[in-house]
Amino acid sequence: LGATAAQMAAEHLALLSAYFDQPFPYPKLDLVAVPDFLHGGMENPGLITFRDSLLLAEPARITSRTRQGMAGVIAHELAHQWFGDFVTMQWWDDLWLNEGFASWMGDRIVDRWQPAWETRVQDIGSLLWARRADSMSTTHAIRTPVTSTADAVASFDTMTYAKGAAVIGMIEAWIGEVPFREGLRRYMREHAWGNTTAADLLRALSTASGSDVSRVANSFLDQAGLPLLSMELVCAPGQHPVVTVSQRAFRIDGDAPDTTWSVPVCVRFDARPAPRTHCEVMSTPTTSFTLEPNACPRWILPNPGGAGHYWSRLPPAQLRALLDAPGVMDAPAKLELLATQDALRARGDIPIADVLDVYARFANDPSPHVAARVADSVWGVERSLVTDASRPRFTAWVSRTFAARARQL
């Protein structure tokens, strides 16, 4: 029953060794199935314990969902052998160094191992879940003081795992995959068999990239919540196009604090002969940046790929121009847009009719991930806004909008 998991682990180990440029650091590796193990998995060096249902399965009867769940947990715990065991956090306030990184790395390894699963597209859902949780008044900073065992146990939550992974992914998207990987390798070499703090990792990433990674990372590690970036494209005859951006803290369920982040802002835009992406760090409440070349883009796409841990908003006319541009948005961009509409709708910032129009745009999208996201969004509207009086009209709209895709499926 352990053959499938053992094969997964062997192949994941090879990918992790290549990524870190560092062989597996221990003389042996056992994967041990423990009945009803509470934590799912535990990264003991060379002897990783797993809940039995995550390790044992009949190869002839294993489902796709079970395989993906096994692979994700195995890759997560194996990533810890390097990031957490070989190099270990100095204290529990940097737990995100272990869990946020292993969450991010596990998804990356599974995606490289089985590209057809589209793990990185599915991972957008986890990142958006972290954003939603970070938009509530109950959120807290990733890095908080730990002075007791209870504090340490309480740190194992969404902010540590999912937001920690989101911040790591945002940094990689900003500085680039190669500088990010080289910074991690430098960090491993310099701190092998030692204890570290977040400052050690951020210093290595800054050196490898030539960017001030610490300023951006600490902004999101030490402050609770996340910003809403309102963007607008401004074009004037004979001048370069300008994107103006303003940021404010975003809260779904109450007043937002007066907070400013250092945000790596990225915008993809229409250009010839191919679309381009512009990124820069924003550390003030408002900023503007110019786009090259001189022609006014027909559309701009904020936060391409959904890597930035922030919500973004376009004026209605520019959102329509983006939606009208064929082939511009891939599945991650669509998931990002739909989740943003959900958040703005929940906050009451946009009319529900406009939100439903956006949902309808993706009613026949070929991506199963986008289809599932639209279904969840429409269900959220029904659950929170539809009254007995409005239900017949809402039901008729759902039938008109989604019947064709439902029959196709």
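**Pocket, cavities and helix packing in a predicted model**

In this predicted model, the largest pocket has a lining of 39 residues, and those lying nearest its centre are His76, Glu77, Glu99, Ser103 and Tyr161. The space in this pocket amounts to about 1000 Å³. Its lining is drawn from several parts of the chain, since at least two residues each are supplied by strand S2 (41–42), helix H2 (64–82), strand S4 (87–89), helix H3 (95–113), helix H4 (119–134) and helix H6 (158–175). Among these contributors, H3 gives the largest share, with 8 residues. Sorted by class, the residues that line the largest pocket are 15 nonpolar, 17 polar and 7 charged.

From the open pocket we can turn to enclosed space. Rolling a probe the size of a water molecule over the atoms shows where empty space is left. In this model the count of cavities of 30 Å³ or more comes to 2. The largest cavity has a volume of about 50 Å³, and the residues around it are Trp96, Phe101, Val167, Ile168, Ile171, Phe180, Leu201, Leu202 and Leu205. Helices H3, H6 and H8 each contribute at least two residues to that lining. What classes of residue line the largest cavity? The lining has 9 nonpolar residues, with no polar and no charged ones.

The second largest cavity holds about 40 Å³ of space. Its lining consists of Trp92, Asp93, Leu95, Trp96, Ile142, Thr144, Ser155 and Thr160, which divide by class into 4 nonpolar, 3 polar and 1 charged. Trp96 therefore deserves a second look when the cavities are inspected, as this residue appears in the lining of the largest cavity and also in the lining of the second largest cavity.The packing of the helices comes next. Two packed helices are described by the angle between their axes and the distance between the axes. Helix H7 (residues 177–190) and helix H8 (residues 198–209) have axes that come within 8 Å and cross at roughly 130 degrees, which means that H7 is oblique to H8. The crossing in which H7 passes H8 is right-handed. On the H7 side, the contact is made by Pro179, Phe180, Glu182, Gly183, Leu184, Arg186 and Tyr187, while H8 brings Asp200, Leu201, Ala204, Leu205, Thr207, Ala208 and Ser209. By class, the residues of this contact of H7 with H8 are 8 nonpolar, 3 polar and 3 charged. Phe180, Leu201 and Leu205, which take part in this contact, are also among the residues that line the largest cavity.

Helix H4, already met as a contributor to the lining of the largest pocket, packs with helix H11 (residues 331–347), and the axes of the two come within 10 Å and cross at roughly 20 degrees. At that angle, H4 is therefore roughly parallel to H11. H4 passes H11 in a crossing that is right-handed. Val121, Ile124, Leu128, Arg131 and Arg132 make the contact from H4, and Ala331, Pro332, Leu335, Glu336, Ala339, Asp342, Ala343 and Ala346 make it from H11. The contact of H4 with H11 has 9 nonpolar and 4 charged residues, and no polar ones.

H11 in turn packs with helix H13 (residues 368–385) at an angle of about 10 degrees, the axes lying 9 Å apart, so H11 is roughly parallel to H13. The residues of H11 that make this contact are Ala331, Lys334, Leu335, Leu338, Asp342 and Arg345, and those of H13 are His369, Val370, Arg373, Val374, Ser377, Gly380, Val381, Ser384 and Leu385. By class, the contact of H11 with H13 divides into 7 nonpolar, 4 polar and 4 charged residues. Ala331, Leu335 and Asp342 of H11 belong to this contact with H13 and also to the contact with H4.

Two details of the backbone complete the tour. Asp21 is a residue other than glycine with a positive phi, near 55 degrees, and its place is in the loop between helix H1 (3–20) and strand S1 (30–34). Further along the chain, Arg272 and Pro273 are joined by a cis peptide bond, for which omega is about 5 degrees. Pro273 itself lies in the loop between strand S8 (263–269) and strand S9 (276–282).

Key
Residues numbered from 1 in each chain as written. Predicted model: local features only at pLDDT ≥ 70, side-chain atom pairs only at ≥ 80, totals over all residues. Heavy atoms only, no water. 1 Å grid on protein atoms, 1.4 Å probe; cavity = no way out; pocket = protein on both sides within 12 Å on 5 of 7 lines; lining within 4 Å. Points joined across faces, edges and corners; volume = space filled by probe spheres on them. Helix = DSSP H or I, 4+ residues; strand = E, 2+ residues; numbered from the N terminus. Nonpolar A, V, L, I, M, F, W, Y, C, P; charged D, E, K, R; others polar. Axes fitted to C-alpha atoms, helices over the stretch in contact; angles between N-to-C directions. Parallel < 35°, antiparallel > 145°, perpendicular 65-115°, else oblique. Left-handed = near helix turned anticlockwise from the far one by under 90°. Contact = heavy atoms within 4.5 Å.
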